Amino acid sequence: MLDFEFLIDTFFVALSGVPVAILVTVVALLIAMPIGFLLAMTRINKIPVLNQIAKIYVSFVRGTPIIIQIFVLYSFLPIVINMFFEKYNIDYPVYDIHPIWYAFVIFSFNTAAVLIEVFRSALSTVDKGQLEAAHSVGLTTAQAYRRVIIPQALVSALPNLCTATVNLIKATSLGYAISLQEITLRAKVEANFGYNYLEAYIDIFIVYLILCILVEQLFKYWEKRLSRYKVASA
Amino acid sequence: MEKYFDIQYLWNAFPQLLPYLKITFLVAGIAVVFGTLLGLLLAFMKMGKSRVLQWLAHGYTTVMRCTPSIVLLFLVYYGVPFLADASLGINLQDIHTGVFVVITFSLQFAAMMSEVIRSAIQSIDKGQYEAAVSVGLTPWQAYRRIIFPQAFVIAIPNFGNGLIAVLQEGALAYTIGFIDVVGKANLIIASNFNTHALEIYIALAVIYWVISIAIEKIFEMIEKAFSKGSRSLKAS
C-alpha cells in the first residue's frame with residue numbers, strides 16, 4: 001500500500017525545491033537570451049566565423065543529450081577553474097564551489113543554443129520591408145529593431161520560448177548529477193530513509209505538472225497580450 | 001593539463017562504447033514502434049467526436065509534456081511493479097530493467113507522435129477526403145489511399161526529430177541500472193577509479209552527436225525522396 005502520510009509530507013519537501021528550480025531557470029534564461037539573440041543575428045547576417053561557430057554550437061547542443069552535456073561540463077569546468085586558480089594563486093578549493101553556479105553555467109550553455117534557433121526563426125518571420133520602412137522614416141537600425149522588428153518577432157517567438165522554458169524546468173530535474181538540491185533530489189533523499197520511492201516520485205511528478213502548467217498558462221496570457229496589435233489591424 | 005586530460009583514454013573509449021550502441025538502438029527502436037501505435041490511437045482520439053476521448057488524449061499529452069523523462073522513468077520503474085502486485089498479484093521484481101525503459105519511452109514517444117500525426121492529418125485539405133468519398137471510396141479507403149500517403153510525407157521531419165529526442169532521452173536509462181552506451185561509460189569511469197571521466201564523456205558526446213546528425217541527414221533524404229513525387233504530381 002502507498003504510505004499516504006509520507007506522500008503528503010514529501011509533497012512539501014518536493015515543493016521546497018521549486019525556488020531552486022525557478023532560480024536556475026530564470027538565471028539561465030536571462031543569461032541565454034542576450035547570447036542567443038546576438039548569435040541569432042550573426043546567423044541571419046551571415047557574419048563569417050561567428051556564423052560557423054554558432055552553427056556548430058547549436059548542432060552540438062541539439063545533437064547530444066542534456067545529461068551528457070552536464071557530464072562533460074561538470075567534469076570540464078572544475079579542471080579549467082582549477083588551472084585558473086593555480087595560475088592566479090587564488091586559494092579557494094574548487095570542490096567548495098556551490099553546485100548552483102555550475103547549474104547556471106550548464107543550463108545557460110544549453111538554453112542559449114536553443115534560443116539561437118528560436119530567435120532566428122522568429123526574426124525571419126518579420127518581413128524585410130519592415131526594416132526598410134523603418135529606415136526610410138529615419139529610424140536607425142537599433143531603433144528599428146527595438147521598436148518595429150523585435151515586438152513583432154517576439155509574438156511568433158513566444159510559443160517556442162514557452163517550450164524552451166518548460167524544457168528548461170524539466171531539465172533542472174537532472175540537477176542530481178551535480179548534487180543540486182532541487183525538486184527531484186530533495187524528494188528522493190527523503191525517500192532514502194524508508195524506501196518510499198514510488199510516493200516520492202508521485203510527489204515530484206505532481207510538482208512538475210503544476211509548475212509546467214502554470215508556466216504554459218503564463219505564456220498563453222502573455223501571448224494574448226502581445227498579439228493585441230494583430231486584432232487592431234484586422 | 002596532462003594529469004587531468006589524457007587523449008589516450010578518449011580513443012580507447014570508442015571501441016568499448018560502440019558495441020553498446022546496439023542496446024541503445026534496440027530500446028529506442030522498440031519504443032518507437034509501440035509509441036507510434038499508441039500515438040496513432042491518441043491522434044484519432046483527439047480528432048474523433050467523443051468529447052471524453054478528446055479530453056483524455058489531450059490530457060495525456062499535456063501530462064507527458066510536463067513530466068521530466070527521469071521522473072517518468074522512475075515512476076514507471078517503481079509504479080509498474082507496484083500496480084502489477086497490487087491489482088493482479090504479479091511479482092515483477094526479477095523483470096529486466098530494459099522493459100521499464102521501453103515502457104517509459106514508448107509512453108513519451110506516443111505523446112510526441114500523437115501531435116505529429118494529428119497535425120499532419122489535419123494539414124491535409126478536407127476537400128481531399130470529400131473528393132475521395134464523392135468518387136465512391138469508403139472512409140477507410142479514403143484515409144488509406146488519399147489522406148495517409150500525403151500526411152506521411154508531412155510527418156517525416158517531425159518523426160525524425162522525435163526519433164532523435166527519444167534516443168537522447170534514452171540516455172537517462174542508466175539511472176535505473178540499465179547498461180546501454182551511457183551505462184557502459186559510467187562503468188568504464190568506475191573501473192578507472194573515477195578519474196578521466198571527461199575523456200569518456202567527450203567520447204559519449206561525440207557518439208551521440210554523430211548519430212543525431214546522421215538521423216537528421218537520413219530524414220532529410222527521405223523527405224526529399226518522397227516529396228519529389230508530390231511535386232511531379234502537381235506539375236502533371
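**Exercise 1. Two loop residues in chain A**

Where is the place of A:Val49 in chain A? Work out its setting, then do the same for A:Lys46. Keep in mind that this is a predicted model.

*Solution.*
- Step 1: Find A:Val49 along the chain. It sits in the loop between helix 2 and helix 3 of chain A.
- Step 2: Check its backbone. A:Val49 has a positive phi of about 65°, although it is not a glycine.
- Step 3: Put that in context. Most residues other than glycine have a negative phi.
- Step 4: Count its surroundings. A residue with 12 or fewer other C-beta atoms within 10 Å is exposed. A:Val49 has 8, so it is exposed.
- Step 5: Turn to A:Lys46, which is found in the loop between helix 2 (18-44) and helix 3 of chain A. Its phi is positive too, at about 50°, and it is not a glycine either. With 9 other C-beta atoms within 10 Å, A:Lys46 is exposed.

**Exercise 2. Get an overview of the two chains**

List the helices and strands in each chain, then look at box dimensions, burial and contacts.

*Solution.*
- Step 1: Start with chain A. You should find 10 helices and zero strands. Its C-alpha atoms fill a box of roughly 70 × 55 × 30 Å along the principal axes.
- Step 2: Go on to chain B, with nine helices and zero strands. The box for its C-alpha atoms is roughly 75 × 55 × 25 Å, again along the principal axes.
- Step 3: Look at burial. In chain A, 36% of the 234 residues count as buried. In chain B, it's 37% of 236 residues.
- Step 4: See how far apart in sequence the contacts reach. Take the contacts in chain A between residues at least 6 apart: 80% of them join residues at least 24 apart. For chain B, residues 24 or more positions apart account for 77% of the contacts with a separation of 6 or more.

**Exercise 3. Describe how the chains meet**

Which helices of chain A each supply at least two residues of the side that touches chain B?

*Solution.*
- Step 1: Count the residues involved. Chain A gives 26 residues to the contact and chain B gives 25.
- Step 2: Assign them to helices. Helix 3 (50-63), helix 4 (66-87) and helix 9 (197-226) of chain A each supply at least two. The largest share, nine residues, comes from helix 9 of chain A.
- Step 3: Sort by class. The side of chain A that touches chain B has 18 nonpolar, six polar and two charged residues.

**Exercise 4. Classify a helix crossing in chain B**

How do helix 2 and helix 7 of chain B cross, and which residues make the contact?

*Solution.*
- Step 1: Read the geometry. The axes of helix 2 (residues 21-47) and helix 7 (residues 139-169) of chain B come within 10 Å and cross at roughly 130°.
- Step 2: Name the arrangement. That angle makes helix 2 of chain B oblique to helix 7 of chain B. The crossing is right-handed.
- Step 3: Pick out the residues. Helix 2 of chain B uses B:Thr24, B:Ala28, B:Ala31 and B:Val32, while helix 7 of chain B uses B:Leu163, B:Val166 and B:Leu167.
- Step 4: Sort them. Six are nonpolar, one is polar and none is charged.

**Exercise 5. Decide what to trust**

Where in chain B is the pLDDT below 50?

*Solution.*
- Step 1: Take the average. Chain B has a mean pLDDT of 89, and 95% of the residues score at least 70.
- Step 2: Find the weak stretch. Residues 232-236 of chain B fall below 50, and beyond near neighbours in sequence this stretch has zero contacts in the model.
- Step 3: Draw the lesson. Where pLDDT is low, don't read the predicted coordinates in detail.
- Step 4: Add the overall scores, which are ipTM 0.89 and pTM 0.89.

Methods: Residues are numbered from 1 along each chain as its sequence is written. Chains are lettered from A and ligands numbered from 1 in the order in which they are written. This is a predicted model: local features need pLDDT of at least 70, side-chain atom pairs count only at pLDDT 80 or more; totals for chains, interfaces and linings use all residues. Two residues are in contact if their C-beta atoms, placed from the backbone, lie within 7 Å. Helices (H or I, at least four residues) and strands (E, at least two) are DSSP runs, numbered from the N terminus. Ala, Val, Leu, Ile, Met, Phe, Trp, Tyr, Cys and Pro count as nonpolar, Asp, Glu, Lys and Arg as charged, and the others, Gly among them, as polar. Axes are lines fitted to C-alpha atoms, for helices over the stretch in contact, and angles run from 0 to 180 degrees between N-to-C directions. Angles under 35 degrees count as roughly parallel, over 145 as roughly antiparallel, 65 to 115 as roughly perpendicular and the rest as oblique. A crossing is left-handed if the near helix is turned anticlockwise from the far one by less than a right angle, and right-handed if clockwise. pLDDT is the predictor's confidence in each residue, from 0 to 100. A residue is buried if 20 or more other C-beta atoms lie within 10 Å of its own, exposed if 12 or fewer, and partly exposed in between; C-beta atoms are placed from the backbone.
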